[in-house]
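Me: Got a model open here and want a quick walk through it. Can you start with the overall picture, then zoom in?
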Amino acid sequence: MQTTPILVRKRITWVLIIAVVVFSGLILRLGWLQLVEGDRLRDEALEVRMRDVPVEAKRGTIYDRNGNELVTSVSVDSAYAFPPQIEDKRGAADKIALALGMDNEEVYKKLTDNVGFVWLKRRIDFDSAQRLKSLEINGVELVEESRRFYHQESLAAHVLGFSGDDNQGLTGVESVYDKELRGVPGRIVIEKDAVGRNIPEALHKLIPPEPGHNLVLTIDQTIQFFVERELDKIVEAHKPKLAVIIVMDPKTGEVLAMGNRPTYNPGDWRKSPQSVWDHNPSIWYNYEPGSTYKIITAAAALEEGAVRTGDAFYDPGYIKVADRTIRCWYDGGHGSQTFEEVAQNSCNPGFITVGLRLGKDRFYKYINAFGFGQKTGINLPGEEVGIQIPQNDATELNIATMSIGQSIAVTPLQLITAASAVANGGVLLKPTLVKAVTDANGQVVREYKPEAVRQVISKNTSQTLMRLLTNVVSKGTGRNAFVDGYGAAGKTGTAQVVESGGYADGKYVASFAGFAPAEDPQIAVLVMVAEPTGAMYFGSQVAAPAFKAIAMDTLRYMRVPERPGVEKPKLPYVFEEPIEKLNMPNVVNYPVEEAKKHLTNAGFVVQTRGEGEIVYKQTPQGGVEVSGGATVILELQPYDIGSVEEITVPDLTGLSIKEAGGILEKLGLYLNPAGTGFAVGQQEKPGTKVRRGTTINVEFQPPSIKVLLD
């Protein structure tokens, strides 16, 4: 018997040992994978052969305060594809494009992109979905999504806003409350083989989405209808650049309606310019409020004891502040009056006097206390804070002009919020748009209560000021805002528009801020119309009638009892722009072109007689008082400056330094100016004979300020 060599036996032993170790390791590894890692690996394997189709959650509904649906989500189909599963991509693209009304090349590009999943078209109509389904193209499928539906189209468009294709809120409350509204998305899981083909009896798993919460707004759909109606009337009659109407409950700060023009349809927002849907003028537009701001001036002065209702004032038609003369809107002034009449007549010199009595520190105390220069905190995106001069930089002239609503810019929401504090007993409230957030079953998740910011003025001051504002409507400039059966309190305003650091000619902001009923205000309303066109542009003409219509319909809708015995104004308020009396400029000895320019700029019609370069006579004569727009006849004569030694000095009153210098240069004379602005006097009197080459000494001063505020 042949024995195996020892060396061979050793090798066989080592091979056996190694084999046992290897197989033991494999058995241990297999046991580890099966028993320890089995669940994880099974899940990973499932993921490899599963395809996910996202299913967005149904976005929450937005209701008005009475439970009326303003915005809901309706079910629609969206088309998607798995490009690796589609064999004939060109043919499939042509069929899909025809079914969905898309461009062939656009679809083909989607199908040839190196991706595993692609949306073909989101939120398609029913007929398109049926046509696509009938094609039975492998790798092309439909999934149910939702589309926002706006029940009243453009109603409260800037408040509601809109959402995008991926269920995200983009503007309005849709944006601010996006987290609450959008819910939790789900998905559809479909089992495929390694190359993406359908598996018989494959696993299809739906992970359902969780619907979003609902919003209950403070907006009242019916009151919003009233606002939209009046805005349409304003646009039709006055064709303004912008128009805003806000209705607020002054006792809670709840916004009952907020409307703007121009507007858009949130359900089809892409058809409107970005400039329309991207900004909400109610919270974004900065403007000088004009006389509506006198509510704030009066509130501060009464609270600080700087004025009492019976204090006497005298208005000669102007007031001098620093180096400026600020004129009253009423030509010739209001004469002797009490502060109660100053408020009733919207008297500029009276309010400026009161503002100066307050002084800078106390005036700014109430600017800040009423919330100007700060965000109101309303839950809408894009709120502006207004514009104001820093307190340290404010001059006495700034205080004077701010007292009448100039040199300070506010937003419409800031102004109605501040004015509401006057109507509710002196408490500044945070304006709110949302009453509650509810779940899919209608259970309240979060509720919003009225939020007081601070006590700005006392209840006694509030009552006194409300009586003054009631007189404005019953006896003064606000008579067109009187609400039959209820009365009203408020203030009109007409302010010039600021452009490029100055006031633009012929551009105004007409407004009215008011409350009704007068004795116990249930609503506060601001009507603001920016740059109305046509002959009417005063707040009493453009804004006050809209306030009256909204207030009357709203109070009746709210079933507020009428006040028996409320005395109606005897006559409506009609602003008759006074025919301005002007002093005729003396243009004798002016070069003819300069004379024409000077007279035309002063508002006169010019005719000439004769030939020549110099005016030697004019009719009417310089210095007489005539009506604006009168015709002036200029008689001319030839003039050779080189042959004349004695020159007649012209009247330079009212000319700028440049204009005066140009005229004197043409006459062979020189100018020595003192001061800046416009000529108010000259050392060499008009008509005086001087030698050619003489220097004429002229005094210049800054112009006076004339404000048109009613």
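Reply: Sure. The secondary structure of the protein amounts to 21 helices and 34 strands. Keep in mind that this is a predicted model.

Me: How much of the protein is buried?
Reply: Buried residues account for 49% of its 710 residues.

Me: And what does the protein expose?
Reply: About 33,800 Å². Carbon and sulfur atoms supply 51% of that area.

Me: What about contacts between residues at least 6 apart in sequence? What share joins residues at least 24 apart?
Reply: 72% of those contacts do.

Me: Zooming in now. In what order do the strands of the 25, 26 and 28 sheet run?
Reply: The order is 25-28-26. The three strands form an open sheet, and the pairing is mixed.

Me: Which strands stand at the edges?
Reply: Strand 25 (605-609) and strand 26 (614-619). Each has a single partner strand, so one side of each lacks a neighbour in the sheet.

Me: What's the average twist?
Reply: 30° from one strand to the next.

Me: Back to strand 25. In what sense does strand 25 pair with strand 28, parallel or antiparallel?
Reply: Parallel, over five bridges. Strand 28 covers residues 631-637.

Me: Which residue in strand 28 is the bridge partner of Gln607?
Reply: Ile633.

Me: What packs on the sheet?
Reply: Helix 20, residues 592-601. Helix 20 touches strand 25, strand 26 and strand 28.

Me: What angle does the direction of helix 20 make with that of strand 25?
Reply: About 155°.

Definitions and conventions: Residues numbered from 1 in each chain as written. Predicted model: local features only at pLDDT ≥ 70, side-chain atom pairs only at ≥ 80, totals over all residues. Heavy atoms only, no water. Pairing = 2+ DSSP bridges. Helix = DSSP H or I, 4+ residues; strand = E, 2+ residues; numbered from the N terminus. Axes fitted to C-alpha atoms, helices over the stretch in contact; angles between N-to-C directions. Contact = heavy atoms within 4.5 Å. Buried < 20%, exposed > 50% of the residue type's maximum accessible area, 1.4 Å probe, protein only. Areas by Shrake-Rupley, 256 points an atom, 1.4 Å probe, with all protein chains shown as cover.
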